[in-house]
Amino acid sequence: MYNEIVVDHFSNPRNVGEIADADGVGETTSFKCGDMMKLYIKVKDGRIEDVRFQTYGCGAAIASSSMLTEMVRGKTLDEAMKITNENVAEELGGLPPVKMHCSNLAADALHEAIKDYRARHSAK
Amino acid sequence: MKNRLIYMDHGATTPVREEVLEAMLPFFKELYGNPSSLHSPGREVRRAVEEARGKTARSLGADPEEIYFTASGTEANNIALRGAAKQHGKPGHIITSSIEHHAVYEVCRDLEREGYRVTYLPVDQFGMVDPADLEKAITPDTFIISIMSANNEIGTLQPVRELGWIAKKHDILFHSDAVQVVGQLPVDLNELPVDFLSLSAHKFNGPKGVGALFMRKRTEVTPLYRGGSQEKKIRPGTENVPGIIGLSRAIELAVSEIPQKKEKLTALRDRLISGFLEIEEVILNGHPGLRLPGNVNVSFKHIEGESVLLSLDLEGVAVSSGSACSSGSEEPSHVLIAIGLDHSVAHGSIRFSLGLGSSEEDVDFVLGKIPGIVKRLREISPTYHKH
Ligand SMILES: Cc1ncc(COP(=O)(O)O)c(C=O)c1O
Ligand SMILES: [Zn+2]
């Protein structure tokens, strides 16, 4: 059903969990299928220093969450904002077409988390 | 070490059993005559097809002339519903349930687009149709009622006899999609008040791509296809002879073994259910008792169904799920929504369907694996952490 990279990220997802004192939190729900993702970031000197996720969803949703966290660690916020859902799917070596909407959560949650971080910081 | 396959998806399909395959094989090579041919190889095959019809009829308490072989359960449903609608010849009213298989549901949707009115009866939380609702839904122009014998996802058994009597009392045709029931539970058409009943060989260890429609004497439908006079023109086209032979051998064996099989599968089913219910936040979908012997359908809260399916697949266990992600659609199954499940609970549903080859070891293997799988996936889930 899925390729080896996807199965690997599904079976051994990287960076699962919460960050209690996160600098930004993003949450998205696919209104298509109901999959849900929550992403926490820690930011230092304009770069993503730490990132964790929690996902309710299918294999594609969990694998793309995990892959995204690997892709953003160490990136600047501007670089991270440029990551798209398609980039995540590409890194996973492709997903079945019917599963694309399940993987559309990850980059969206990341962008929400960055927006949350920026809102908190501009408010200060 | 790679685990052996533990197949718990008998609701989707079953393996062809040895005796069935053996019965079929001669009809590919030696007995290849066309049953419509007048020469002796043709006549020999004709005899075999009619014998198969006889066996199939006897297994169901029907008359051989009431059995029409089809290409699938889907085709049997289409011939009954569309054929009865065409025969009716004018717009009218159809009653069905809100949990039918697509092979009935989509036909009804189509007929709606063609001007028929369709009532989709609600079901209770267990997936059961209330006969009182059927009685109330009947209008003077209702001409056919179609209610499945057992649901393919949640296994709920419908009160077909009672529903059928209501139809009969009002002189309305009654069809039942019994694809999940034939070969699992006794069906006696001598006393079951139905005009049409659909079945499919691959659900009871017969071959894929062959089914049958029971159509009671003096019932008429307009055929969907035109062609030769096979199956009394109800289903023209040269017969799938090996398939028909396979169906008849499979139904004969399955029906003769129902008592033992039912007892065995019910015990395995209940062992699986009670094991699952020991895990916190697990819901049994469907009826606690009035369900197919081999059917278990549960929702593990806070987890999406496909992720459980995939985890089990990696352990060598084959199951199915009604979640949106599993179906490749954007909605969880209409059956789970119809029994009133929350989207999130429906999204977590998994069906384990047991069959001939299932064993206590299989059940215990799954019961051993599930807690770890559920724990791991819940640890990833944001909704679980809110507790
Ligand atoms: C209740 C029900 N009806 C109809 C069908 C369709 O049967 P077939 O696969 O032979 O077309 C199935 C099988 O998927 C079923 O479970
Ligand atoms: Zn999904």
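This talk describes a predicted model of two protein chains, A and B, beginning with the contact between them.

Good morning. I shall start where the two chains meet. The size of an interface is often given as the accessible area lost when the parts come together. In this model, chain A and chain B bury about 2000 Å² between them. Of that area, 64% is on carbon and sulfur atoms. How many residues does each chain bring to the contact? Chain A supplies 28 residues, and chain B supplies 26 residues.

Let us turn to the polar side of this contact. Between chain A and chain B there are nine residue pairs in polar contact, counting pairs with both residues at pLDDT 80 or more. On the side of chain A that touches chain B, the elements giving two or more residues are α1 (4-11), β2 (36-44), β3 (47-56), α2 (59-72) and α5 (100-122) of chain A. Which of these gives the most? The answer is β3(A), with four residues.

Side chains of opposite charge can pair when their charged atoms come close. Between chain A and chain B, the count is one salt bridge. Its partners are B:Glu306 and A:Lys99, whose closest N and O atoms are 2.2 Å apart.

A residue of chain B that also touches chain A is B:Ser307, which belongs to helix α9 (residues 305-314) of chain B. Is B:Ser307 buried or exposed? B:Ser307 has a relative accessible area of 1%, so this residue is buried. What does B:Ser307 contact, once its neighbours within four places in sequence are left aside? In chain A, the contacts are A:Phe10, A:Gly57, A:Cys58, A:Gly59 and A:Ile62, and in chain B there is B:Leu377. In addition, a polar atom of the side chain of B:Ser307 lies 2.7 Å from the backbone oxygen of B:Glu304.

I now move to salt bridges elsewhere in the model. Over all chains, the count comes to 35 salt bridges. In chain A, please look at A:Asp50. The side chain of A:Asp50 meets that of A:Arg52 in a salt bridge, at 3.5 Å from N to O. A:Asp50 also forms a salt bridge with A:Arg73, at 3.1 Å from N to O. Why does the pair of A:Arg73 and A:Asp50 tie together parts that are apart in sequence? A:Arg73 lies in the loop between α2 and α3 (77-81) of chain A, while A:Asp50 lies in strand β3 of chain A, so the pair joins parts that are 23 residues apart in sequence. Both arginines count as partly exposed, because the relative accessibility is 26% for A:Arg52 and 34% for A:Arg73.

Another salt bridge of chain A is set within a helix. A:Glu112 pairs with A:Lys115, and their closest N and O atoms are 3.5 Å apart. Both residues lie in helix α5 of chain A, three residues apart, which is about one turn of the helix. A:Glu112 is partly exposed at 33% relative accessibility, and A:Lys115 is partly exposed at 46%. In chain B, salt bridges that share partners join B:Arg46, B:Glu50, B:Arg53, B:Glu231 and B:Glu239 into one network.

Next, I consider two further places in chain B. B:His170 sits in the loop between α6 (160-169) and β6 (173-177) of chain B. With 33% relative accessibility, B:His170 counts as partly exposed. Not counting residues up to four places away in sequence, B:His170 touches B:Glu135 and B:Ile138. B:His170 and B:Ile138 are 32 residues apart in sequence, and their C-alpha atoms are 8.4 Å apart in space.

B:Ser200 is part of strand β7 (residues 196-200) of chain B. At 2% relative accessibility, B:Ser200 counts as buried. Apart from residues up to four places away in sequence, B:Ser200 touches B:Gly73, B:Val179, B:Val210 and B:Gly211.

Finally, let us visit the surface of chain B. Which residues make a nonpolar surface patch of about 340 Å²? They are B:Val16, B:Leu21, B:Leu25 and B:Phe28. Within this patch, B:Phe28 is found in the loop between α1 (18-24) and α2 (40-60) of chain B. B:Phe28 counts as partly exposed, because its relative accessibility is 49%, and the cut-off for exposed is over 50%.

Thank you for your attention.

How values were computed: Residues numbered from 1 in each chain as written. Chains lettered and ligands numbered in written order. Predicted model: local features only at pLDDT ≥ 70, side-chain atom pairs only at ≥ 80, totals over all residues. Heavy atoms only, no water. Patch = residues over 30% accessible without salt bridge, like charges linked within 9 Å, V, L, I, M, F, W, Y side chains within 5 Å. Areas by Shrake-Rupley, 256 points an atom, 1.4 Å probe, with all protein chains shown as cover. Salt bridge = Lys/Arg side-chain N within 4 Å of Asp/Glu carboxyl O. Buried < 20%, exposed > 50% of the residue type's maximum accessible area, 1.4 Å probe, protein only. Contact = heavy atoms within 4.5 Å. Buried area = accessible area lost by both parts, 1.4 Å probe. Polar contact = N/O pair within 3.5 Å; in protein donor to acceptor, adjacent residues only side chain to side chain.
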